[in-house]
Amino acid sequence: MIAAKGLHLLRRTITQSKTALVEIGTIPGKMPEKKGKPNKNSINSQKQQTPDPSSPIKEQSNGSFLLSILAKPGAKQNAITDISADAIGVQVAAPAMEGEANAELTKYLASVLGLRKSDVSLIRGMKSRSKTFVVAAQPGATTEDLLACFSEEAENG
């Protein structure tokens with residue numbers, strides 16, 4: 001009888017504990033929501049940099065450009081394969097090992113645009129085929145100018 005009464009009290013305590021956890025929002029296995037300063041991936045910061053879906057090149061407010069690139073490493077030679085609304089397809093004559101393809105791609109994009117290698121840098125997609133490059137601000141340059149450079153390179157191969 002005493003053991004049954006002790007077991008009953010233990011069950012009631014556990015039930016009350018679970019109820020209290022549910023009431024304060026800390027259910028085991030579920031992380032509580034953080035309060036305070038929003039992180040850089042919050043919805044508000046994404047609204048400011050929402051890309052225009054009609055072009056793989058986006059001009060930023062500081063005059064620099066974002067390039068959406070679809071890299072195709074391990075090719076025989078560097079070339080622009082296609083230009084779509086999502087990305088510029090670029091085949092790269094370097095293997096995708098230890099950043100070799102990224103370095104070669106940066107060098108190739110700089111040569112296509114007629115810029116120094118230091119004016120083009122990879123900001124997203126170090127280990128992915130989908131990459132984002134930033135091109136330093138160029139006086140008087142427009143997205144159409146950059147697209148024309150890529151189109152000309154694609155035609156001349």
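**Figure 1. Burial across the whole chain.** In this predicted model, 27% of the 157 residues of the chain count as buried. The accessible surface of the chain comes to about 11300 Å². Carbon and sulfur atoms account for 55% of that surface.

**Figure 2. Helices and strands along the chain.** The chain holds 4 helices and 6 strands. Read along the sequence, their pattern is α-α-β-β-β-β-α-β-β-α. Now look at the contacts with a separation of 6 or more: 46% of them join residues 24 or more positions apart.

**Figure 3. Helix α4 from end to end.** Helix α4 covers residues 143-156, which makes 14 residues. From its first C-alpha to its last, α4 reaches 20 Å. That is close to the 20 Å expected at 1.5 Å a residue. G157 follows α4. The phi of G157 is positive, near 60°.

**Figure 4. The buried side of α4.** Three residues to find here are T143, L146 and F150, which are buried in α4. They cover an arc of only 70° around the axis, so they sit on the same side of α4. The spacing fits a general rule. An α-helix has 3.6 residues a turn, so residues three or four places apart point the same way. What covers the buried residues of α4? The cover includes the strands β1 (57-59), β2 (65-73), β3 (79-83) and β4 (88-92). Helix α3 (100-113) is also part of the cover.

**Figure 5. The exposed side of α4.** Turn to the other side of α4, where E144, E155 and N156 are exposed. Take E155, which lies in helix α4. Is E155 buried or exposed? Its relative accessibility is 69%. The cut-off for exposed is over 50%, so E155 counts as exposed. Next, find A79. Along the chain, E155 and A79 are 76 residues apart. In space, their C-alpha atoms are separated by 9.9 Å.

**Figure 6. The second largest pocket.** This pocket has a volume of about 180 Å³. It is lined by 15 residues. Which of them are the closest to its centre? They are A96, A101, N102, M126 and K131. Both β2 and α3 supply at least two residues of the lining. The largest share, 3 residues, comes from α3. Helix α3 thus appears in two views: it lines this pocket, and it helps to cover the buried residues of α4. Strand β2 also appears in both, in the pocket lining and in the cover of α4.

Conventions: Residues are numbered from 1 along each chain as its sequence is written. This is a predicted model: local features need pLDDT of at least 70, side-chain atom pairs count only at pLDDT 80 or more; totals for chains, interfaces and linings use all residues. Side-chain values use heavy atoms; hydrogens and water are left out. The expected span of a helix is 1.5 Å times one less than its number of residues. Buried means under 20% relative accessible area, exposed over 50%, partly exposed in between (1.4 Å probe, protein chains only). The arc is that of the directions from the helix axis to the C-beta atoms. Contact means heavy atoms within 4.5 Å. Accessible areas come from the Shrake-Rupley method with a 1.4 Å probe; for residues, only the protein chains shown count as cover. On a 1 Å grid over the protein atoms alone, a cavity is a set of points where a 1.4 Å probe fits but cannot get out, and a pocket is an open set with protein on both sides within 12 Å along at least five of seven lines; lining residues have an atom within 4 Å of a point. Grid points are joined across faces, edges and corners, and a volume is the space filled by probe spheres set on the points.
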